[in-house]
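This briefing concerns one protein chain and the ligand placed with it. The ligand's surroundings come before the arrangement of domains.

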Amino acid sequence: MICLGIESTAHTFGISIVSDQKVLSNIITAYKPKSGGLIPGKLADHHVEVLEDTLRKALEKARVNIKNIDLIAFSQGPGIGHALRIGAGLARSLSILLNKPMIGVNHCIAHLEIGRFLTKAKDPVLLYVSGANTQVIAYEAGKYRVFGETLDLGVGNFLDTFARELGLGFPGGPRIEEFARKGKKYIKLPYSVKGMDISLGGMETNLRQKIKEKKHSKSDLCFSIQETVFAMLVEVAERAMAHTDKNELLLGGGVACNKRLQKMCEIMCKERKAELFVLENQFLIDNAAMIAITGIEMFKAGMKTNLKDANIRPYERTDDVDVKWR
Ligand code: ATP
Ligand code: FE2
């Protein structure tokens with residue numbers, strides 16, 4: 001079976017071709033606002049602009065003729081409505097034109113399913129850290145459940161904001177990682193873990209003050225931000241692993257590209273004799289391969305999305321999804 005996956009929950013517009021066995025292509029086109037935050041209308045314009053080129057590249061790289069596609073999978077939610085609508089619209093059009101079934105996929109669950117497909121992980125806890133999302137997800141009692149999350153800001157958005165305030169540019173995560181490597185001194189920052197949830201609001205206020213004071217170097221600040229925020233993430237991930245009695249940890253989301261976060265997770269897993277799974281960067285960040293992979297799993301379990309149900313679900317929760325494929 002050959003599936004064409006479409007990702008368009010946020011900055012990324014992606015198309016991927018996946019066969020039962022293999023990812024044949026995974027084309028990622030990311031929207032980067034020149035300055036300031038994201039304007040939903042501009043984001044939608046970007047996705048429309050790159051749509052045709054992304055589709056063509058995905059088919060060419062996979063060496064697949066569009067007529068041989070058996071299934072169309074698209075990210076149905078959660079995400080930004082303006083962006084989701086472009087992907088869902090393309091899925092509907094292709095489904096009608098090719099007369100092939102389609103399937104709507106939950107974006108957060110897809111970050112976990114791709115790990116089960118590409119690695120030996122069987123039943124991992126997922127630490128999902130991207131721009132907007134910060135969640136600890138695992139499968140329990142017939143559903144994917146969120147065991148912990150951020151109570152305010154997503155870690156990626158938090159890092160991007162600080163990189164911007166420190167004048168480091170966008171996206172901020174990779175720039176902070178670079179500067180952190182040169183950091184020598186740990187500056188104490190508010191550490192806030194509540195059960196299996198984290199909160200970054202206090203640290204945000206505290207950091208604004210520290211930036212204004214100009215007492216600390218950018219490198220020391222970046223180093224301290226990473227050490228503190230990542231320790232919080234590792235703590236909640238470990239707690240979820242203990243709570244669910246699982247011994248596999250999978251990383252997902254753009255922030256998971258960070259080598260220091262990967263190292264800290266590795267140390268934690270080693271200490272509790274658990275296994276850590278880290279995908280290639282192209283499968284950690286938002287991508288359409290994970291949508292196609294999850295779509296195939298769902299379709300094989302007898303699920304599909306009718307034209308009239310192929311709406312978008314910007315606020316879909318992870319535990320809303322009926323998991324028939326596990
Ligand atoms: P989502 O809709 O899933 O929230 P997103 O648009 O935030 O998606 P991702 O590609 O998953 O997309 O993540 C982007 C985020 O990852 C940005 O906030 C970016 O700063 C962060 N990031 C990327 N590389 C690194 C890194 N090396 N270290 C820390 N953060 C990183
Ligand atoms: Fe994501």
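Ligand 1 is surrounded by 24 residues, and the closest of them are Tyr128, Ser130, Gly131, Asp160 and Asp286. The model is a predicted one, and every value below is computed from it. The domain assignment divides the protein chain into domain 1, made up of 2-111 + 285-320, and domain 2, which covers 122-278.

**Ligand 1 and its polar partners**

- Tyr128, which is among the closest residues to ligand 1, places a polar side-chain atom 2.6 Å from an oxygen atom of the ligand.
- For His107, a polar side-chain atom lies 3.3 Å from an oxygen atom of ligand 1, while for Asn258 the partner is a nitrogen atom of ligand 1, at 3.0 Å from a polar side-chain atom of the residue.
- Taken on its own, ligand 1 has 640 Å² of accessible area, and the protein covers 89% of that area.

**How the two domains meet**

- The centres of domain 1 and domain 2, taken over C-alpha atoms, are 27 Å apart, and the contact draws twelve residues from domain 1 and 15 residues from domain 2.
- Between them, domain 1 and domain 2 bury about 1,100 Å², of which 65% is on carbon and sulfur atoms.
- On the side of domain 1, the residues that lose the most area to domain 2 are His111, Thr318 and Asp319, which together account for 42% of what that side buries.

**Chemistry of the domain interface**

- Three residue pairs are in polar contact between domain 1 and domain 2, counting pairs with both residues at pLDDT 80 or more, whereas the rule finds zero salt bridges across this interface.
- The side of domain 1 that touches domain 2 comprises, by class, four nonpolar, five polar and three charged residues.

Technical notes:
Residues numbered from 1 in each chain as written. Chains lettered and ligands numbered in written order. Predicted model: local features only at pLDDT ≥ 70, side-chain atom pairs only at ≥ 80, totals over all residues. Heavy atoms only, no water. Domains from an automatic or database assignment. Contact = heavy atoms within 4.5 Å. Buried area = accessible area lost by both parts, 1.4 Å probe. Salt bridge = Lys/Arg side-chain N within 4 Å of Asp/Glu carboxyl O. Polar contact = N/O pair within 3.5 Å; in protein donor to acceptor, adjacent residues only side chain to side chain. Nonpolar A, V, L, I, M, F, W, Y, C, P; charged D, E, K, R; others polar. Near = heavy atom within 4 Å. Areas by Shrake-Rupley, 256 points an atom, 1.4 Å probe, with all protein chains shown as cover.
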